[in-house]
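Here's a quick briefing to read alongside the structure. Have the chain open and follow along.

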Amino acid sequence: MKALVLVDHPENKIQLLEVEKPSPAEGKVLIKLKAAALNRRDQWIREGKYPNIQMNTILGSDGAGIVEEVGAGVSSDLIGNEVIINPNIDWGENPKVQSKAYHILGMPTNGTFAEYVEVEASKIHQKPAHLSWEEAASIPLGGLTAFRAVFTQGQVAAGQNVLISGAGGGVAQFTMLCALAAQANVYVTSGSADKLETCIRLGAKSGFNYKTEDWQKEALQASGGFDVVIDSAGGDQINDFIKMMKPSGRIVFYGATNGTPQKLDMFRMFWNQITLQGSTMGNDQEFEQMIAFINKHKIKPILDSVRPFSEIISAFDAMKEGGTFGKLVIRIG
């Protein structure tokens, strides 16, 4: 089968190669992939910026396809099912935090940038009927991260004011879609006027360009303060968020690309009872809840582009260059 493999090469770190098609082991199924989607994680691995990199691994965490074979102990009734894949592996027994063994598809376990992928039978879920293969394939990693941030950690409810930073990012866009479906008042930030306009067109109440001076004052005036802020960057802007929070507000962050803040306004935090909450992807129960939520509200993910499998490296290049809005999806089957 064809697969995109991480290789030890001075220039071409990812290559489309012919590799052996897997055969499902006990408790597992073999999925013929119809589509897969990129995440920032994939590009970071390509650039060597991800921990514990293992060469000769098939990348890719997001995917959807059709069950073609089943291993021992798995019902043959699953054959032919159209499914979406939960990329979690070994979350552990505690729903609040992942185990030390936790990892996801796409390194070190072979992932979805291939014609076939072998996964645990318990990790497949029926593809939402209202979604195309490309839309369904774009959900797992970003959708689960967003769902946990919005509901488990952020406890977002109807009528609350929610600020989502960096709305150009894939997880941030899923976060916006989840919060909108929950009937929250959604506000976004971005460094791009075009992306802000797109978010407003999709339902956000307002957007703020973080490259402009005093955008924080504008946001506070427009919203009256935020119940929840969901952020992916960290850094010194955490203190800006603290100033914009309503009493007992919650700041949830699922990344720290801007690093650690030089200082933290702890005085304002304790006086206003503000919570600063870290978040990651999510557990298997949250994945089930996410799929149910998507089905109930008929949520459709935002896609930037769809490319044939033969052009997958160009999708990596587009992600590296930036400027995309929505998921980069690969059509495989």
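Let's start with proline 108, which sits in the loop between β8 (103-104) and β9 (116-120) of this predicted model. The peptide bond joining methionine 107 to proline 108 is cis, with omega at about 10 degrees. From there we can step back to the neighbouring loop, then to the domains and how they meet.

**Backbone oddities**
- If you want to find the cis bond, go to the loop that runs between β8 and β9 and look for methionine 107 followed by proline 108.
- Aspartate 90 is worth a look too: its phi is positive, about 60 degrees, even though the residue is not a glycine.
- You'll find aspartate 90 in the loop between β7 (88-89) and β8.

**How the chain is divided**
- The protein chain splits into two parts, with domain 1 made of 2-141 + 282-331 and domain 2 covering 154-278.
- Taken over C-alpha atoms, the centres of domain 1 and domain 2 are 28 Å apart.

**Where the domains meet**
- How many residues of each domain are in contact with the other? It's 13 from domain 1 and 13 from domain 2.
- Putting domain 1 and domain 2 together buries about 1000 Å², and carbon and sulfur atoms give 80% of that area.
- On the domain 1 side, the residues touching domain 2 come out as six nonpolar, five polar and two charged.
- Two residue pairs are in polar contact across the interface of domain 1 and domain 2, both at pLDDT 80 or more.
- As for salt bridges between domain 1 and domain 2, the count is zero.

**What the record says**
- An unreviewed UniProt entry carries the annotation "domain: Enoyl reductase (ER)" over residues 11-330.
- In the model, the span 11-330 is 30% helix and 27% strand.
- The C-alpha atoms at the two ends of residues 11-330 lie 23 Å apart.

Terms used: Residues are numbered from 1 along each chain as its sequence is written. This is a predicted model: local features need pLDDT of at least 70, side-chain atom pairs count only at pLDDT 80 or more; totals for chains, interfaces and linings use all residues. Side-chain values use heavy atoms; hydrogens and water are left out. Domain bounds come from an automatic or database domain assignment. Contact means heavy atoms within 4.5 Å. Buried area is the accessible area (1.4 Å probe) that two parts lose on being put together, summed over both. A salt bridge is a side-chain nitrogen of Lys or Arg within 4 Å of a carboxyl oxygen of Asp or Glu. A polar contact is a pair of N or O atoms within 3.5 Å; within protein, one must be able to donate a hydrogen and the other to accept it, and residues adjacent in sequence count only if both atoms are side-chain atoms. Ala, Val, Leu, Ile, Met, Phe, Trp, Tyr, Cys and Pro count as nonpolar, Asp, Glu, Lys and Arg as charged, and the others, Gly among them, as polar. UniProt positions are given in the numbering used here, feature names are shortened, and annotations may be inferred rather than shown by experiment. Helices (H or I, at least four residues) and strands (E, at least two) are DSSP runs, numbered from the N terminus.
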